[in-house]
Structure formats: structure tokens, C-alpha cells
Amino acid sequence: TLEAGATARARAHSNIALVKYWGKNDVVLNTPAVGSISVTLDALFTDTRVTFRSGLAADEFWLSGCRQEATKVARVLDLVRQARGTHLFAVVESANNFPTGAGLASSASGFAALAVAASGAAGLTLTDRQLSILARHGSGSAARSIFGGYAQMHAGSAADGSDSYAVQLLSGADWPLAVVVVITELGAKTITSTVGMGASAASSPFYPAWLATAPGDLADMRAAIAARDFVRLGELTEYNCLKLHALMLTTRPALIYWNAATVAAMHAVRDLRASGVPAYFTIDAGPQLKVLCLPGDVPFVQEALSNVAGVHEIRPSALGPSAFRLD
Ligand code: PMV
């Protein structure tokens, strides 16, 4: 039996999808309708401690000392309890090294750190694949944050979700790239991705085209990564991002995640590219941009984006490592 007081700590880094997922196969298993490919970000991470305790009536989730709603956290902990054969609830203490809820993918790093810390505290030895599946139950993008560098999430088709997990394609050292995070809105509140993707699937006439064209984008991105072809990777990243936003814009009611500074920054990146610096943007379900560039070009990207009205903060990042135990 699991002893009360069993505890573990873990760190996981955020990631940004180059070929994105939007839409679910199964809402209970939280399996995505399409695969995705991402890079993990060194500059953005979550540290999480999980401690199983006696005398708790439910799981507790604390983020930077503030009590949070624990429904999704409990979903992951339920699976760990089931695998370990325990009824103990847990206290989860988490902290991000970046602003939470501002569209910087805190759920990706958060649920990956939770999967590693919770299974560690329970004394389970899980494979990376099992950790990826566990993290997926909290957030689809979290399945990719188990891995550093470049990761591909497989949508899978098994009825139990057992083939819906991420794998590493390359480490960051295999092909170093930089990602410049551009914050255009502090504390942005957006429609959650789960609600947004459900609405898109139900109402956008572009959703069938989104599903039909995903396999081709994934194959092209895999080829670009295998060939270390940055221009091909960048063009495909920007195209896939704009295709996702076309789907969001044609959802009813419309999902408009951009603000004026988001659009100005998109133009600044394209102008920079026209002047000879290969740089490409991507944007998730929020107003922030991530700009991909070669490590030596980071100063040019920072300079170009710092001149854009409405840009609050610019954070350059290298590619980050896999999730790991801190104790
Ligand atoms: O991880 P979720 O379920 O919150 O969804 C993430 C959706 C996007 O960030 C827009 C795309 C992606 O693949 O990360």
C-alpha cells in the first residue's frame, strides 16, 4: 500500500506546435482528432510537487500558493491511483516561471510535470509513452511536453486511447533552433481550447478540410525536420498556423484570438523575412506569437519586434529538455 506522505517533484517545459492539433476524437479519453508536431521551449517551465496525504476529502491543487479548481488534475491523479491501487488523495503544488493563463501553454508544461510527479510519488515506474498518455488526459498538448526537442503526437485510433501518445523526433541538440516568445497582452483571458475546438468541429465549414489536410502537413514537417531544412519548416509552420486561424475565424460564434499588436507583429516578422532574415511566426488559441528563427538571428528578431506598438515583453528561448524528476 502507498504510505501517506509519499511525495515527488518534477519539471516540464512548455511546447509550441509547428503543426497544430484542433479537434478531439474522444472527449473522455481526450484523444486529438489530428496528430501534431511541436518544439519544447527551454525558457518556459512548470515545477510541480505531488504529495499523497491521509485525511483529505479530495485532491487539492495550488498554483503559486493560490487554490485552483482541481477537476482536470484529479482526472490524472485518478489514473495514477487506479494503477497504484490506492485511495489516498493528493496535494499538488505548482509554479510556472512565466505568466499563467496568458496563452503561453501552461497546461502543456503543467500536466506533463503533474504526470511525472504524480507517478513518481506513487512509486510507479512508467515508460515515456505511458507518461505521455497520462499527461494527455490533462491536456492534449501536454502529451508532447514529456519530450524535449522535437516531438510528434500520434492521434491514434484505438478505442482505449492506447495509441494516442507523443514520441521524440530529434533532441534540441540534434538541431538547435530559437523561438522568440512575443507577449502582446498580459493576463489574457481567452476561450479555452477545449470549448473552442468543440465549437469549430460543430460549426466551421472548413473543419472537414482541416482534418483532410493534416496528414500531409505532418508528413511534410517530418521531412523538413529530417532534412534540417529551416525554410521549409518555417513556411509550413506559418501556413499551418494561418490555416488553424482561418478555421477559428469561421467558427460560429467566431474565435478571434488576435489583437491589434498580434497582427502588427505578424507583419513585422514578414517584413523582417523580406529583408533577408529567415523568421516565421506561429500563434495558438491566444494573442501571443512565437517566432522561430536560427539561434544567431535572435538579436534581429528581438530588435524588429521591440519596435511594434503593443508588444509588452519579448522572451527568447532555446529548445528545451524532456520532463524530469527534481528530487
Ligand atoms: O492542449 P490543449 O487541449 O489545450 O490544446 C492545444 C491547442 C493548440 O495549442 C492551439 C494547438 C496545439 O497543438 O498545441
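This passage walks through the predicted model from its overall scores and domains to its core, its sheets and a few individual residues.

The prediction comes with a mean pLDDT of 96 for the chain, and 98% of the residues reach 70 or more. The model scores are ipTM 0.98 and pTM 0.97. The domain assignment divides the chain into domain 1 (7-172) and domain 2 (178-317). Taken over C-alpha atoms, the centres of domain 1 and domain 2 are separated by 23 Å. Contact between them involves 25 residues of domain 1 and 36 residues of domain 2. On the side of domain 1 that touches domain 2, the elements giving two or more residues are strand 1 (7-19), strand 4 (36-53) and strand 9 (166-170). Strand 4 provides the largest share of that side, with six residues.

The interior comes next. The largest nonpolar core has 96 residues, and those with the most contacts inside it are Ala-112, Ala-118, Val-291 and Leu-305. Helix 2 (residues 106-121) supplies ten residues, the largest share of this core. Both domains take part, since the core draws at least three residues from each of domain 1 (7-172) and domain 2 (178-317). In general, nonpolar side chains tend to be buried together in soluble globular proteins. For a closer look at one of these positions, Ala-112 is a handy place to start. Leaving aside neighbours within four places in sequence, Ala-112 is in contact with Ala-12, Ala-135, Ala-142, Ser-145, Ile-146 and Ala-323.

A four-stranded sheet offers another landmark. This open sheet has the strand order 11-12-10-13, with antiparallel pairing. Strand 11 (279-282) and strand 13 (313-317) each have a single partner strand and stand at the edges, so each is left with one side lacking a neighbour in the sheet. From one strand to the next, the twist averages 25 degrees. Strand 11 runs antiparallel to strand 12 (residues 289-293), and four bridges join them. Within this pair, Ala-279 has Cys-293 of strand 12 as its bridge partner. Two helices can be placed against these strands. Helix 6 (residues 230-249) packs on the sheet and touches strand 11 and strand 12, its direction making about 25 degrees with that of strand 11. Helix 7 (residues 260-274) lies across strand 10 (178-183), strand 11 and strand 12, and runs at about 160 degrees to strand 11. The loop between helix 6 and helix 7 contains Pro-253. The peptide bond leading from Arg-252 to Pro-253 is cis, with omega near -5 degrees.

Strand 5 gives a second view of strand pairing. Four bridges link strand 5 (residues 60-63) with strand 7 (residues 89-96) in the parallel sense, while three bridges link strand 5 with strand 6 (residues 66-68) in the antiparallel sense. Phe-61 takes part in both pairings: Val-92 stands opposite Phe-61 in strand 7, and Gln-68 is the bridge partner of Phe-61 in strand 6. Strand 5 and strand 6 form a hairpin with two residues between them, and Ser-64 in the turn has a positive phi of about 50 degrees. Ser-64 is not a glycine. With 10 other C-beta atoms within 10 Å, Ser-64 is exposed.

Asn-30 makes a useful companion to Ser-64. Asn-30 also is not a glycine, yet has a positive phi of about 55 degrees. This residue, Asn-30, lies in the loop between strand 2 (24-26) and strand 3 (31-32). Asn-30 has 23 other C-beta atoms within 10 Å and counts as buried, because the cut-off for a buried residue is 20 or more.

A last loop residue worth a visit is Tyr-165. Tyr-165 sits in the loop between strand 8 (150-153) and strand 9, and is buried, with 24 other C-beta atoms within 10 Å. Not counting residues up to four places away in sequence, Tyr-165 touches Arg-129, Ser-132, Ile-133, Arg-136, Ala-143 and His-154. Tyr-165 and Ile-16 are 149 residues apart in sequence, and their C-alpha atoms are 16 Å apart in space.

Methods: Residues numbered from 1 in each chain as written. Predicted model: local features only at pLDDT ≥ 70, side-chain atom pairs only at ≥ 80, totals over all residues. Core = buried A, V, L, I, M, F, W, Y, C linked by C-beta atoms within 7 Å. Buried ≥ 20, exposed ≤ 12 C-beta atoms within 10 Å, placed from the backbone. Domains from an automatic or database assignment. Contact = placed C-beta atoms within 7 Å. Pairing = 2+ DSSP bridges. Axes fitted to C-alpha atoms, helices over the stretch in contact; angles between N-to-C directions. pLDDT = per-residue confidence, 0-100.
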